[in-house]
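Colleague: I'm new to this one, so could you take me through a single part of it in some detail? I'd like to know what surrounds any enclosed empty space.

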Amino acid sequence: MRWAGDGLIAQLRQPPGGRDARIMLLAQCVDRTGTGVWAAASVLYFTFVSQLDARHLGLLLGVGAVAGIAGSPLAGRTAERLPVRGLLIGCHLLRLGTMGLLLVADNFATLLPVVALTCLGERAAKTLEMLFATRVAGEQRATYQALFRSVANAGYAVGAGIAALGLSVGTTGAYRALILANALSFILAAALVCRTREPVGHGLVVAQSDGSATDGPPGSPSPWWDRGYLLFVLLDIPMNLDDSVLNVGLPLWLVHHTSAPHAIVPAFLVVNTVLVVVLQLGVSARAEGPRRAAAAVGWYGMALSACCLLLATATGGGAWSASFAMLAAAMLVTLAELMRSVSSWELAVSLTPPRARASYLGLAGMSQSVQKSVGPLLLTGVVMTAGPAGWLALGAAVTGLSLVQRRASLRRLETLSVPLQAVSALGG
């Protein structure tokens with residue numbers, strides 16, 4: 001293991017997977033920079049340029065989130081038959097086309113399919129990136145994931161900074177320039193992916209440690225009929241709630257339920273970005289391997305529960321105490337995010353049968369998409385409506401579900417290890 005004494009820059013120069021992994025990390029950084037630009041500007045663009053009211057805007061974003069749910073399993077299933085590299089390039093080009101259509105779409109009816117295709121392509125691309133990394137990095141996938149998280153957050157931060165420049169101008173031309181900046185990121189990302197090689201494990205043939213290969217027949221297991229894996233994916237949905245808590249819960253709770261100054265809100269993302277870049281490698285090192293990843297699920301529940309407890313108590317006191325509590329909550333939800341990024345990634349891979357890994361990972365990718373659709377509604381419609389008690393109930397629920405997820409994951413790992421032990425015994 002190459003953690004000790006290796007800094008982030010050194011790891012990025014020699015990541016697991018060598019040249020192809022290094023190029024892919026750069027492509028992902030470019031892609032996330034463009035995504036950061038669009039994420040910071042999209043709502044204002046649809047409001048001031050497309051002239052959508054709140055009802056149509058909510059429907060537009062909701063339909064896009066639902067379309068994104070389909071992107072992950074579609075990409076996973078297709079990746080069993082077609083090269084991952086080519087599919088990923090196709091996803092970047094699809095999003096390039098939809099960004100171009102945004103420049104000419106001038107009403108809700110035309111914007112709806114454009115945004116839906118954009119979200120579908122985005123989720124599909126993320127699943128394909130995960131599959132690419134799994135094949136290239138192999139057993140060192142946790143290291144790769146940590147590096148990706150660091151460069152992705154750096155990309156988001158740069159993208160948000162670029163968007164701030166355009167938003168400060170505020171003209172229609174400035175908004176369209178931000179769309180073009182996002183489109184340029186897709187061109188550059190696709191060009192970088194073109195320079196990589198197709199990773200081992202294309203189609204239904206998965207490389208084995210002894211150099212042989214196992215041909216997956218047409219009757220390869222389907223994740224949709226695997227109750228153990230479906231349980232993992234279902235429980236992984238609440239294990240992604242940190243995203244909604246950070247981006248929706250913290251800002252709205254601060255504004256409407258505390259005396260903290262509104263200027264604290266941008267600090268949430270700053271704290272999150274800095275901590276992820278600084279701590280992701282170290283956290284990943286301590287949660288490497290499937291069993292440690294399962295243990296990290298339990299720590300996730302505790303961290304998010306502590307965050308919810310702080311939010312529940314932030315309503316009392318003055319501006320200083322509320323500000324301190326809200327910033328501490330941002331740190332705790334970031335710690336939960338660090339745990340989740342390791343555990344969800346590692347377990348999604350480790351709990352799959354190797355010959356059907358692509359379709360299984362496609363199903364696993366749905367958990368984040370479902371959370372993005374349901375999480376904000378849960379927080380705004382249930383948790384915050386109930387006040388401090390809502391946060392306490394959410395923390396208790398997530399903690400309990402994290403323990404169930406941990407136990408279920410360990411049980412499945414034991415089940416999957418039995419056939420491997422039998423094969424080893426026969427081979428001996």
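Modeller: Happy to! Helix 8, helix 11 (290-313) and helix 12 each give at least two residues to the lining of the largest cavity, helices being DSSP runs of H or I with at least four residues, numbered from the N terminus. This is a predicted model, where local features need pLDDT of at least 70, side-chain atom pairs count only at pLDDT 80 or more, and totals for chains, interfaces and linings use all residues. Residues are numbered from 1 along each chain as its sequence is written, and side-chain values use heavy atoms, leaving out hydrogens and water.

Helix 12 provides the largest share of the lining, three residues. The full lining is Phe 232, Asp 236, Met 239, Val 297, Tyr 300, Ser 343, Ser 344, Leu 347 and Gln 405. Searching the whole structure turns up one cavity of 30 Å³ or more, and the largest has a volume of about 40 Å³. (A cavity is a set of points on a 1 Å grid where a 1.4 Å probe fits but cannot get out; lining residues have an atom within 4 Å of a point.)

Now look along helix 8, residues 227-236. Its buried residues (under 20% relative accessible area, 1.4 Å probe) are Tyr 229, Phe 232, Val 233, Leu 235 and Asp 236. Viewed down the axis, these buried residues fall within an arc of 170°, so they line one face of helix 8; the arc is taken from the directions from the axis to the C-beta atoms. Turned away from that side are Arg 227 and Leu 234, both exposed, meaning over 50%. Where helix 8 starts, a side-chain oxygen of Asp 226 comes to within 3.2 Å of the backbone nitrogen of Gly 228.

Terms used
Polar contact = N/O pair within 3.5 Å; in protein donor to acceptor, adjacent residues only side chain to side chain. 1 Å grid on protein atoms, 1.4 Å probe; cavity = no way out; pocket = protein on both sides within 12 Å on 5 of 7 lines; lining within 4 Å. Points joined across faces, edges and corners; volume = space filled by probe spheres on them.
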